[in-house]
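Open the model in your viewer and keep the sequence panel visible. This tour says what to select next and what is there.

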Amino acid sequence: MLSFTIMAITFGVVFLAELPDKTALAGLMLGTRYKASYVFAGVAAAFAVHVALAIAAGSVLTLLPHRLVQAMVGVLFLAGAAMLLLKKGDDEDETIKAPADQSFWKVSGAGFMLILVAEFGDLTQIMTANLAARYDNPVSVGIGAVLALWAVAGLGIVGGRTLMKYVPLRLITKIAACLMIALAGFSLFEAIAP
């Protein structure tokens with residue numbers, strides 16, 4: 001059964017965590033060189049694959065005892081918050097190899113491969129698995145996560161530079177970390193509560 005609350009929570013957490021990530025910068029760089037719709041098609045497909053893998057991992061976690069899963073989820077959310085807060089700003093050094101021509105398949109393929117490789121095992125993929133395990137509603141979590149990742153990719157491709165002028169990256173990172181700490185607290189409380 002679809003839960004708009006779970007979709008909204010997942011969207012908010014994943015969106016804020018992904019904004020300061022390399023994906024927005026990669027999308028921005030590809031979007032300035034190539035047709036935005038081609039880039040978005042490849043990036044969107046790669047994110048759908050990542051979310052499907054994360055949901056599968058989170059669904060496996062639901063087979064474990066509830067308290068153990070909540071404790072693991074809480075610790076992973078704390079680790080994710082620490083990663084966000086301690087992350088160095090070295091993502092700008094990454095280079096993107098440009099496809100030789102502007103055809104749909106070359107451009108979308110470049111976007112797909114870039115995201116598929118760069119985001120594998122990324123914080124938001126781990127967070128999506130955690131949320132799937134926490135809420136035991138893979139469809140709602142999957143929809144929320146995919147929409148959040150697509151929104152960030154779209155922002156990165158179309159207007160990343162403008163957003164960063166008005167919203168400091170450090171503030172976005174701190175908000176995402178605070179949300180993750182709150183989710184960690186709820187999960188750890190559920191793990192120890194009678």
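## First stop: an exposed tryptophan

Select W105, which counts as exposed because its relative accessibility is 69%. Keep in mind throughout that this is a predicted model. Now add F104, which is partly exposed, with a relative accessible area of 30%. How are the rings of F104 and W105 placed? Their centres are 5.0 Å apart and their planes are at 80°, so the pair is edge-to-face. Add Y38 to the selection: Y38, F104 and W105 form one aromatic cluster.

## The whole chain

Clear the selection and show the chain as a cartoon. The secondary structure comes to 8 helices and 0 strands. Read along the sequence, the pattern is therefore α-α-α-α-α-α-α-α.

Colour the chain by burial next. Of the 194 residues, 45% are buried. Switch on the surface: the accessible surface comes to about 9900 Å², and 73% of that belongs to carbon and sulfur atoms. For contacts between residues at least 6 apart in sequence, 93% join residues at least 24 apart.

## Helix α1

Select residues 4-18, which are helix α1. Measure from end to end in the viewer. The 15 residues of α1 should span 21 Å at 1.5 Å a residue, and the end C-alpha atoms are 20 Å apart, which agrees.

Within α1, the buried residues are I6, M7, T10, V13, V14, F15, L16, A17 and E18. Pick out F11 and F15, which both lie in this helix, 4 residues apart, or about one turn. An α-helix has 3.6 residues a turn, so residues three or four places apart point the same way.

Is F15 buried or exposed? F15 counts as buried because its relative accessibility is 18%, and the cut-off for buried is under 20%. F11, at 30% relative accessibility, counts as partly exposed.

Look at the two rings from the side. By the ring-pairing rule, the count comes to 4 aromatic pairs. F11 and F15 form one that is stacked, at 5.5 Å centre to centre and with 10° between the planes.

## A nonpolar patch

Keep F11 selected and add L2, V139, I143, L147 and W150. Together with F11, these residues make a nonpolar surface patch of about 480 Å². Which helix gives the most to the nonpolar patch? Helix α7 (residues 138-166) does, with 4 residues.

## Helix α3

Select residues 36-61, which are helix α3, and find A48 there. A48 counts as partly exposed because its relative accessibility is 32%. Leaving aside residues up to four places away in sequence, A48 touches V146 and W150. W150 is also one of the residues of the nonpolar patch. Now draw a C-alpha to C-alpha distance from A48 to L149: it is 8.8 Å, although the two are 101 residues apart in sequence.

Move to V43, which is also found in helix α3. V43 is buried, with a relative accessible area of 2%. What does V43 touch, not counting residues up to four places away in sequence? The contacts are G111, F112, I115 and A153. For one of these, check the distance: V43 and I115 are 72 residues apart in sequence and 6.1 Å apart in space, C-alpha to C-alpha.

## Helix α6 and the loop after it

Select residues 123-135, which are helix α6. Its 13 residues should span 18 Å at 1.5 Å a residue, and the end C-alpha atoms are 18 Å apart, which agrees.

How many of the 13 residues of α6 are buried? The count is 11, so α6 is largely enclosed by the rest of the structure. The buried residues include L123, M127, L131 and R134. Others among them are T124, Q125 and N130.

For the last stop, select D136, which sits in the loop between α6 and α7. D136 is exposed, with a relative accessible area of 54%. Check its backbone angles: phi of D136 is near 50°, a positive value in a residue other than glycine.

Notes
Residues are numbered from 1 along each chain as its sequence is written. This is a predicted model: local features need pLDDT of at least 70, side-chain atom pairs count only at pLDDT 80 or more; totals for chains, interfaces and linings use all residues. Side-chain values use heavy atoms; hydrogens and water are left out. Helices (H or I, at least four residues) and strands (E, at least two) are DSSP runs, numbered from the N terminus. Buried means under 20% relative accessible area, exposed over 50%, partly exposed in between (1.4 Å probe, protein chains only). Contact means heavy atoms within 4.5 Å. Patches are made of residues with over 30% relative accessible area and no salt bridge: like charges are joined within 9 Å, nonpolar side chains (Val, Leu, Ile, Met, Phe, Trp, Tyr) within 5 Å. Accessible areas come from the Shrake-Rupley method with a 1.4 Å probe; for residues, only the protein chains shown count as cover. A salt bridge is a side-chain nitrogen of Lys or Arg within 4 Å of a carboxyl oxygen of Asp or Glu. The expected span of a helix is 1.5 Å times one less than its number of residues. Rings of Phe, Tyr and Trp (its six-membered ring) pair if their centres lie within 6.5 Å; planes under 30 degrees apart count as stacked, over 60 as edge-to-face and the rest as tilted.
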